[in-house]
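User: Hi! Could you walk me through some of the labels used for this protein?

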Amino acid sequence: MEKETGKMNWWKVIAIVLIVIDLCLLLLKGCGGALSKAQSVPEDYTKTVSAGAELEAKYLAMGSHDVNYVEYGALMSFGKYEIYYPSDIAEMKEPLPAVIFVNGTGVKGSKYQALQKHMASWGFITVATEEDHAWNGFSAEMSVRMLEMLNQLEGQYMDKDNVLYGKVDLDNIGITGHSQGGYGVVNAITDQKHKENYKAAVILSSAPFTANNDFQWDADPSLIQAPTMMLSSMGKFDAAVASLDALQKVYGSISNEVPKVLARRTAGDHGEMLYYGDGYVTAWFMYWLKGDTEAGKAFLGDNAEILSNANWQDVNKNL
């Protein structure tokens with residue numbers, strides 16, 4: 001068996017694994033089992049994930065805002081828009097930046113609610129969906145269009161008070177995606193209608209963006225213009241899915257005029273990277289979308305915190 005596997009293309013092995021995962025999820029959903037409702041991100045991850053330095057710890061902790069939730073149905077394959085926002089949004093005079101979440105394979109927005117709550121607690125509006133095939137960036141594009149509509153629509157929408165009327169900074173949007181979602185991030189910020197609205201992007205443990213792969217996904221990171229951070233782990237699965245060599249090639253394909261960071265987490269593996277890097281993911285958006293200069297110290301200059309943080313290795317950056 002080992003000899004046969006050794007002869008197989010790694011992409012085919014990974015494709016088989018992901019197909020099996022999808023089938024298991026469908027079976028669990030069909031049976032209505034408790035496991036089908038299990039969260040991919042632990043509710044208490046902000047307290048249990050280790051932070052290796054001061055700024056990582058600060059932005060991994062919950063922010064100062066309580067959060068509320070609203071959802072709207074969508075006549076699309078992704079089912080609904082799942083929106084978190086600060087509960088005191090009505091009192092805020094300035095519109096808020098938004099962060100769009102792009103799903104990995106088998107991990108829908110309803111599976112990582114804790115991640116969205118954390119981001120919203122730092123003063124962002126977040127949108128996720130139930131999309132299974134997010135690689136093309138279309139669900140992200142439609143999420144931005146939904147925010148655009150809500151930002152202009154006073155009163156009610158779908159029998160719910162529209163609390164986002166006039167509250168969304170549409171010119172200041174961030175986007176993050178894990179695994180398959182990394183493709184969705186690249187396509188959203190390079191190939192979709194609202195690509196110019198994105199001011200920061202994060203790609204988490206995404207497969208290399210090679211042509212003619214077994215998934216038939218397609219994306220071109222050389223077209224990226226928004227500041228982009230790529231995070232992965234040193235785990236065995238990520239070593240195949242998002243190897244250091246592949247990540248460095250993607251990093252190199254992004255123009256040097258675009259602010260960019262690449263780093264690998266020393267602990268965890270592919271699945272955990274959905275939330276293990278969230279301290280620096282939040283700091284990244286706080287800096288680029290909110291102008292938080294303290295958050296910027298995690299990445300900027302020769303003394304950037306991420307360079308000396310033992311949680312992170314293989315750091316490349318041009319900031």
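Analyst: Here are a few questions and answers about the labels. This is a predicted model, where local features need pLDDT of at least 70, side-chain atom pairs count only at pLDDT 80 or more, and totals for chains, interfaces and linings use all residues. Residues are numbered from 1 along each chain as its sequence is written, and side-chain values use heavy atoms, with hydrogens and water left out.

User: Why is Ala-98 called buried?

Analyst: Buried means under 20% relative accessible area, with exposed over 50% and partly exposed in between (1.4 Å probe, protein chains only). Ala-98 has 0% relative accessibility, so the residue counts as buried.

User: Which residues is Ala-98 in contact with, leaving aside its neighbours within four places in sequence?

Analyst: Contact means heavy atoms within 4.5 Å. On that basis, the partners of Ala-98 beyond those neighbours are Ile-125, Leu-147, Asn-172, Ile-173, Gly-174 and Leu-289.

User: What makes strand 2 largely enclosed?

Analyst: Strands are DSSP runs of E with at least two residues, helices are runs of H or I with at least four, and both are numbered from the N terminus. Strand 2 covers residues 80-86, and 6 of its 7 residues are buried, so the rest of the structure largely encloses it.

User: How do you know that strand 1 and strand 2 pair?

Analyst: Pairing requires that DSSP finds at least two bridges between two strands. Strand 1 (residues 67-73) and strand 2 are joined by 7 bridges and run antiparallel. Tyr-72 stands opposite Tyr-81 there.

User: And what links strand 2 with strand 4?

Analyst: These two are antiparallel, with 4 bridges; Tyr-81 has Thr-129 as its bridge partner in strand 4.
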